[in-house]
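Work through the exercises below with the sequence and the model side by side. Each task is followed by a worked solution.

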Amino acid sequence: MSMASLFSQPAAANEPLRLVVEVNEGVRQVIGVSRRVNLVAINAMIVAKQAGRQASGFQVVSAELRRFSGQLDLQMQDLDRFIASLVHTVAGSARVRRHRAHLDAIDPKSPASAAIADAKQRIDTARRRIDDESAERWCDLRKHLDQALRLCGTGVALSRAAKIEAVYASTLGGDLRQVADEIEAAILSILGILKTLRSDVAR
């Protein structure tokens, strides 16, 4: 189902769909930044190795940062797949509501009123089932985002440890400090995106 077809539905039904799309866009941003952190961490490991024993601490922290970015990337890919399934659930809920609204618009004195009443009953049953499923999935989405936020907290701590280790890297200390600053800025950017998404989903 295309995004254009999703947004062709009534405005009230569009709100959950818009939120899902926003979360999806945010997740893709995080994936992009996370992969950049991975590349910077690899470069940092190479530079630290060239610096020798004085930068051994930075080398260890860089390896941990690379592991962190890999874990975050995997979490975001899981979240991306989860959101794809959530789109179908939310779209199904909007579709059922649209069908119900069409039936409500039919004159109750219509000769087909009995058949329409039966159809309404079936739609209401389907709507309750989909709403229950949808509520459960939104709850799961909040849990996914909470996990990513906790992981990001580790990433922030690692990036700050990298800045401390850069101080001991002698002649390359300035370069490594610059790399550590870049990694910290990227992780804080990820943290900001995830906090915004978590706040939006909590509304």
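**Exercise 1.** State where Val 167 lies, whether Val 167 is buried or exposed, and which surface patch includes this residue.

Solution. Val 167 belongs to helix α4, residues 113–167. Helices here are DSSP runs of H or I with at least four residues, numbered from the N terminus. Next, take the accessibility: Val 167 has a relative accessible area of 60% and is therefore exposed. The cut-offs are under 20% for buried, over 50% for exposed, and partly exposed in between, using a 1.4 Å probe and protein chains only. Finally, Val 167 joins Ile 164 and Tyr 168 in a nonpolar surface patch of about 350 Å². Such a patch takes residues with over 30% relative accessible area and no salt bridge, with nonpolar side chains (Val, Leu, Ile, Met, Phe, Trp, Tyr) joined within 5 Å.

This is a predicted model, in which local features need pLDDT of at least 70 and side-chain atom pairs count only at pLDDT 80 or more, while totals for chains, interfaces and linings use all residues. Residues are numbered from 1 along each chain as its sequence is written, and side-chain values use heavy atoms, leaving out hydrogens and water.

**Exercise 2.** Classify Asp 200 as buried or exposed, and list its contacts beyond four places in sequence.

Solution. Asp 200 sits in helix α5, residues 173–202. Its relative accessibility is 17%, so Asp 200 counts as buried. Outside the neighbours within four places in sequence, Asp 200 contacts Leu 19 and Glu 22, where contact means heavy atoms within 4.5 Å.

**Exercise 3.** Find how Asp 131 and Arg 97 are paired, and which helices the pair links.

Solution. Side chains of opposite charge can pair when their charged atoms come close. A salt bridge requires a side-chain nitrogen of Lys or Arg within 4 Å of a carboxyl oxygen of Asp or Glu. Asp 131 and Arg 97 form one, at 2.9 Å from N to O. The pair links distant parts of the chain, 34 residues apart: Asp 131 is in helix α4 and Arg 97 in helix α3, residues 56–104. Asp 131 is partly exposed at 26%, and Arg 97 is partly exposed at 36%.

**Exercise 4.** Explain why Glu 133 and Arg 137 are separated by about one helical turn, and name the network of shared salt bridges.

Solution. The closest N and O atoms of Glu 133 and Arg 137 are 3.8 Å apart, in a salt bridge. These two residues are four residues apart in helix α4, so about one helical turn separates them. Elsewhere, salt bridges with shared partners join Arg 100, Asp 104, Lys 120, Asp 124 and Arg 127 into one network.

Technical notes. Patches are made of residues with over 30% relative accessible area and no salt bridge: like charges are joined within 9 Å, nonpolar side chains (Val, Leu, Ile, Met, Phe, Trp, Tyr) within 5 Å. Accessible areas come from the Shrake-Rupley method with a 1.4 Å probe; for residues, only the protein chains shown count as cover.
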